[in-house]
Amino acid sequence: MIPFVDLKAQYASIKDEVLPAIQGILESCQFTLGAEVVEFEKEFAAYSQAQHGIGVNTGTSALHVALLAAGVGPGDEVITVPFTFVATVAAVYYTGARAVFVDIDPRTFTMDVNAIEAAITPRTKAILPVHLYGQPADMDPILEIAKRHGLVVIEDAAQAHGAEYKGRRVGSIGDMGCFSFYPGKNLGAYGEGGMVVTGNAEYARTMRMLRDWGAEKKYEHVLKGYNYRLEGIQGAVLRVKLRHLEAWTEARRAAAARYDSMLAGSGISTPEAMPYARHVYHVYAVRTAQRAAWQSALQAQEIQTGIHYPIPVHLLPAYADLGYKAGDFPHAEQAANEVLSLPMFPELTSAQTETVCNALRKLTTPA
Ligand SMILES: Cc1ncc(COP(=O)(O)O)c(C=O)c1O
C-alpha cells in the first residue's frame, strides 16, 4: 500500500529526539505556552524571516487573530479565494466581516491578481491570498494594489512553511502570515497548533493579548480575547521537527521532480512551479476530467490519493449566505472538479513514485 501521507515513517525517524522533548514538558509542567513555546516562536519566526511569532492553538485561530489585529470587523470586506480549505473563509466570518471572492489563476491555483481591483469597495479592509499546495501567490502585484488602496495583506501560509517568493520566505511578505501545524502539514504538531508571524510590533502585541484572553498581565483584560494558547508539548515537538524541516522540504521537492519527469510526455497535467517560487509541495495535484475513474483505479492498486478540495467555498452550503452561485468563479470550479492529489510526504521513495507514475501512465495509454 502507498499511503497519501505517512506520519508513522516520520515519527520513526525522529522518535529518539521527540520523546525526551515531550518528557521535558511532563517534568517542567509547562503545559500551555511556557519556555518551549517562546523558543519555538523565536525559531519559527526567524525561519520565516519575520521578527515576531505568536503561537496559537490552530491555523484557523492564527487567521482569526491576524484579521482582528488588522482591525477587521463587522461591515468590512476581506478579499480572498474560493479555492481553499474552508478555514480561510471561516476566520473572516468569525470577525463579523464578509469574504469577497476572486477567482484563481488556473496555472497556479492561487489568487488571480488581475481580478483583485474589480472586487475592491469602500468596505474592503484586507486581502487574504492563500499559498495553496505550498506555492506562493504572486505577492508583488498584491502588495502594490494593497498599498495603493490602503489595505492590509494577510498571507494564509497554512500549507507553505518555508516556501519562497522571489527569495523571500512566505509569512514575512505581507503584513502578517498565518501558519497551521495540523499533523499532516509540512511542519506538523502531535496535535493542533498554529502561528502568526509579522514584522509589526503593534500587531504582535495585540495578537499576544488576543490569544490569551486579551490580557497582557494576568486578570487585566484589555481586549475581549480568546483561549487560543499553543500547548507546551506542541512547542517542544515543533522545535525538534523544525530542525528537520529543510531536509523534509528538499525531499518533497525531489519527489515532485521525480513525478514531473516520470509523467512528462504522458499527457497528464502536472503542477506548474512558477519561476518566482520555491514550491514546497504540501500537495502534488494532477488534473484530469476522469478523476473519479482514476481515483478508484489507483485505489484498486492500493495507491491512496486525496482531493483538495472537491467543492469551492462559494458553493458550500455553509456559505450560501454569501450569495454566490455556480459559474461565478469558473477556474476555481473547474479545478475543484479536476484536481487529484498524489501521495506526497518526505519519506516517499523512488520506488513508490515510480509505482504511482506507472499506474497513472497505464490509465492514459489507450488499450
Ligand atoms: C489553506 C488553509 N488555511 C487554514 C487552515 C486551518 O488550519 P488549522 O487546521 O490548523 O486550523 C488550513 C489547514 O487545515 C489550510 O489548509
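## A pair of facing residues

Let's start with one small detail: E77 stands opposite T124 in strand 4. The strands here are DSSP runs of E with at least two residues, and helices are runs of H or I with at least four, both numbered from the N terminus. E77 is found in strand 2 (residues 77–80), which pairs with strand 4 (residues 124–127) in the parallel sense over three bridges. Two strands count as paired if DSSP finds at least two bridges between them.

This is a predicted model, in which local features need pLDDT of at least 70 and side-chain atom pairs count only at pLDDT 80 or more, while totals for chains, interfaces and linings use all residues. Residues are numbered from 1 along each chain as its sequence is written, and side-chain values use heavy atoms, leaving out hydrogens and water.

## The seven-stranded sheet

Strands 2 and 4 belong to an open sheet of seven strands, ordered 1-9-8-5-4-2-3, with mixed pairing. Strand 1 (52–56) and strand 3 (98–101) are at the edges with a single partner strand each, so one side of each has no neighbour in the sheet. On average, neighbouring strands of this sheet are turned by 25° against each other, direction ignored.

Two helices join the picture. Helix 6 (residues 139–149) packs on the sheet, where it touches strand 4 and strand 5 (152–156), and its direction makes about 150° with that of strand 5. Contact here means heavy atoms within 4.5 Å; axes are lines fitted to C-alpha atoms, for helices over the stretch in contact, with angles from 0 to 180 degrees between N-to-C directions. Helix 7 (residues 201–210) lies across strands 1, 5, 8 (176–180) and 9 (194–198), running at about 20° to strand 1.

## The three-stranded sheet

Another open sheet has three strands in the order 7-6-12, with antiparallel pairing. Its edge strands, strand 7 (168–169) and strand 12 (277–278), each pair on one side only. Strand 6 (residues 164–165) meets strand 7 over two bridges, and E164 stands opposite R169 in strand 7.

## Spaces inside

There are two cavities of 30 Å³ or more. A cavity is a set of points, on a 1 Å grid over the protein atoms alone, where a 1.4 Å probe fits but cannot get out; lining residues have an atom within 4 Å of a point. The largest holds about 70 Å³ of space, and among its 13 lining residues L7, Q10, K185, R252 and P346 lie nearest its centre.

The second largest cavity has a volume of about 50 Å³. Its lining includes R107, F109, Y133 and H279.

Technical notes: 1 Å grid on protein atoms, 1.4 Å probe; cavity = no way out; pocket = protein on both sides within 12 Å on 5 of 7 lines; lining within 4 Å. Points joined across faces, edges and corners; volume = space filled by probe spheres on them.
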